[in-house]
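This report covers one helix pair and one pocket. The sequence and structure are shown below.

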Amino acid sequence: MEGTNGIMGIVGASGFLGGALAELAHRRGWRVVGFSRKRREPGGPVDEWREWSDRPDLSRLTVLVNLAGESIAQRWTEGNREKFHASRVGVTNAVVKAMVEADHGPGMLINGSAVGIYGDRGDEELTEAAHPGEGYLADLCVEWEKAAQPLVERGVDVAWLRTGVVLGRGGDAWEQMRKVFSLGLGGKFGSGQQWMPWIHVEDLVGAMLHLAQNRVTGPVNGVAPEPERNGDFTKKLASALSRPAFFHAPGWGLKLGLGDFAGALLASQRALPDALLKSGFRFRYPSLDSALVELC
């Protein structure tokens, strides 16, 4: 049975973001197919589970959304870098292979990416037309996006969703920040002047459905239209939770404790959702103030 909008396959449907997407897609008339390496029974917003294997069944899907990706919020050891690569580039390669070989497979892929592709760019306004930056994370994102390029050459619609920090209950980023700031232990990172692209989870999953329904292709910044400097983000979050934010994590301290991952926290990316806005997407939470009212 097909939903009124079609059938949406989600790689990562059991995760925080995939679960939120499945919920909204189901409510909006999509039939949702989740992919998992473990056997699961249908239930909730997921109408059908299929096994993710070397030859996954992608038949009858209208669109496939690939949200796989090991969290980079950990020390970037050689072993973890291998996981980052395998869960992004490796999984995307597998998705492309499966889509090429599928009978009556999806005509569109929405593939994960990240604003880390821009590197550390100071106050430069970064629309999707901006060139990639430098550094490990930028290089990883470039390879991640290139992995889906063969589908474009075959006439398949592909959107690369470059996400920032996702704020939502149950998400790692929000829950960790809320816990730390609720204890009065929050503070800025480094100078606090670096731009911090963020987005409310409801807007991010809404954007995915918008891309699918309107066949928006190419790179898409999955961020809110009003990025915040880290220092201002800190002050607003602390105020929303009625807590002080006196602490300061200096750059050298972050690098000592977190290694190379500290660079991702200190990098400045003033990313703007130009493609989403031009395609007619409307944000429910365009400002951090509006997002914090809902979250707090």
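At what angle do helix α7 and helix α11 pack, and how far apart are their axes? In this predicted model, α7 (residues 230-240) and α11 (residues 288-295) pack at about 30 degrees, and their axes lie 10 Å apart. Angles under 35 degrees count as roughly parallel, so α7 is roughly parallel to α11. The crossing of the two helices, α7 and α11, is right-handed.

On the α7 side, the contact is made by F233, K236, L237 and A240; on the α11 side, by L288, D289 and L292. By class, the residues of this contact comprise 5 nonpolar and 2 charged, with no polar ones.

The second topic is a pocket. The second largest pocket has a volume of about 250 Å³. Its lining consists of 13 residues, and those closest to the pocket centre are L24, R27, E202, V205 and R284. Two elements, α1 (16-27) and α6 (201-214), give two or more residues each to this lining. The largest contribution comes from α6, with 5 residues. The lining of the second largest pocket contains 7 charged, 5 nonpolar and 1 polar residues.

The class counts for the two sites are set out below.

| Site | Nonpolar | Polar | Charged |
|---|---|---|---|
| Contact of α7 with α11 | 5 residues | no residues | 2 residues |
| Lining of the second largest pocket | 5 residues | 1 residue | 7 residues |

Definitions and conventions. Residues numbered from 1 in each chain as written. Predicted model: local features only at pLDDT ≥ 70, side-chain atom pairs only at ≥ 80, totals over all residues. Heavy atoms only, no water. Axes fitted to C-alpha atoms, helices over the stretch in contact; angles between N-to-C directions. Helix = DSSP H or I, 4+ residues; strand = E, 2+ residues; numbered from the N terminus. Parallel < 35°, antiparallel > 145°, perpendicular 65-115°, else oblique. Left-handed = near helix turned anticlockwise from the far one by under 90°. Contact = heavy atoms within 4.5 Å. Nonpolar A, V, L, I, M, F, W, Y, C, P; charged D, E, K, R; others polar. 1 Å grid on protein atoms, 1.4 Å probe; cavity = no way out; pocket = protein on both sides within 12 Å on 5 of 7 lines; lining within 4 Å. Points joined across faces, edges and corners; volume = space filled by probe spheres on them.
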